[in-house]
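Biologist: Got a minute to walk me through this one? I'd like to go residue by residue.
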Amino acid sequence: MGGADAVLNAGSRHRTYSYDVKLAVVKDRLENGLTVREVMIKHKIPSESSVKAWCRQYRDGGSDALIDKPRGRKPRVKQAE
């Protein structure tokens, strides 16, 4: 598995990636000069848009921008009576 097959299987299911994986992808792309497709194959990322989004987030906000933030509503805190 991997290689071109990983790229061609795009959209098979939604995955989440750790901060370390995102940072490695961004560094390979921006600092090591790999193409988007080379990065996708190396790290088995099926989505070109994910790679581009992570690079954009990194350029805009640094490595902290790659940290996943909680989604959805904040939990309600019940007040003591």
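Biologist: Leaving aside its neighbours within four places in sequence, what is Gln57 in contact with?

Modeller: Keep in mind that this is a predicted model. Beyond the neighbours within four places in sequence, Gln57 is in contact with Gly62, Ala65 and Leu66.

Biologist: And which helix is Gln57 found in?

Modeller: Helix H4, which covers residues 48-61.

Biologist: Is Gln57 buried or partly exposed?

Modeller: Gln57 is partly exposed, as its relative accessible area is 33%. For buried, the value would have to be under 20%.

Biologist: How far apart are Gln57 and Val26 in space?

Modeller: C-alpha to C-alpha, the two are 9.6 Å apart, with their positions 31 residues apart in sequence.

Biologist: OK, let's stay with Val26. Where is the place of Val26, and is Val26 buried or exposed?

Modeller: Val26 sits in helix H2. The residue is buried, with a relative accessible area of just 1%.

Biologist: What's Val26 in contact with, leaving aside neighbours within four places?

Modeller: Glu31, Trp54, Cys55, Tyr58 and Leu66. Of those, Trp54, Cys55 and Tyr58 have numbers that fall within H4, residues 48-61. There's also a C-alpha distance to Ala53: 9.7 Å in space, at 27 residues apart in sequence.

Biologist: Let me zoom out. How many helices and strands does the protein have?

Modeller: Four helices and zero strands. Reading from the N terminus, the order is α-α-α-α.

Biologist: What percentage of the residues count as buried?

Modeller: 22% of the 81 residues.

Biologist: And what share of the contacts with a separation of 6 or more comes from residues 24 or more positions apart?

Modeller: Those pairs account for 59% of them.

Biologist: Back to H2. Is Lys22 buried or exposed?

Modeller: Lys22, which is found in H2, is buried, at a relative accessible area of 7%.

Biologist: A lysine, huh. What does the side chain of Lys22 reach?

Modeller: The backbone oxygen of Leu66, at 3.4 Å. Setting aside neighbours within four places in sequence, Lys22 is in contact with Tyr17, Trp54, Leu66 and Asp68. Trp54 and Leu66 also turn up among the contacts of Val26.

Biologist: Now Asp28. Is Asp28 buried or exposed?

Modeller: Asp28 is buried, because its relative accessible area is 7% and the cut-off is under 20%. Asp28 is found in H2, residues 19-30.

Biologist: Which side chains does the Asp28 side chain make a polar contact with?

Modeller: One is the side chain of Asn32, at 2.8 Å. Another is the side chain of Lys42, at 2.9 Å.

Biologist: How far apart are Asp28 and Lys42, C-alpha to C-alpha?

Modeller: 9.4 Å in space, and 14 residues apart in sequence.

Biologist: What else is Asp28 in contact with, leaving aside neighbours within four places in sequence?

Modeller: Besides Lys42, the list has Gly33, Leu34, Val39 and His43.

Biologist: So on to the H2 and H3 pair. How do the axes of H2 and H3 cross?

Modeller: The axes come within 9 Å and cross at roughly 145°. H2 passes H3 in a right-handed crossing.

Biologist: Which residues meet there?

Modeller: From H2 you have Ala24, Val25, Asp28 and Arg29, and they meet Val36, Val39, Lys42 and His43 of H3. That contact divides into four nonpolar, one polar and three charged residues.

Biologist: Which residues are buried in H3?

Modeller: Val36, Val39 and Met40, in a helix that runs over residues 36-43. They're on the same side of H3, because they cover an arc of only 100° around the axis.

Biologist: Why would residues three or four places apart point the same way?

Modeller: An α-helix has 3.6 residues a turn, so residues at that spacing point the same way.

Biologist: Last one. What follows H3?

Modeller: Lys44, which lies in the loop between H3 and H4. Lys44 has a positive phi of about 55° although it isn't a glycine.

Biologist: What sign of phi do most residues other than glycine have?

Modeller: Negative, for most of them.

Biologist: And is Lys44 buried or partly exposed?

Modeller: Partly exposed, with a relative accessible area of 47%.

Conventions: Residues numbered from 1 in each chain as written. Predicted model: local features only at pLDDT ≥ 70, side-chain atom pairs only at ≥ 80, totals over all residues. Heavy atoms only, no water. Helix = DSSP H or I, 4+ residues; strand = E, 2+ residues; numbered from the N terminus. Buried < 20%, exposed > 50% of the residue type's maximum accessible area, 1.4 Å probe, protein only. Contact = heavy atoms within 4.5 Å. Arc of directions from axis to C-beta. Axes fitted to C-alpha atoms, helices over the stretch in contact; angles between N-to-C directions. Left-handed = near helix turned anticlockwise from the far one by under 90°. Nonpolar A, V, L, I, M, F, W, Y, C, P; charged D, E, K, R; others polar. Polar contact = N/O pair within 3.5 Å; in protein donor to acceptor, adjacent residues only side chain to side chain.
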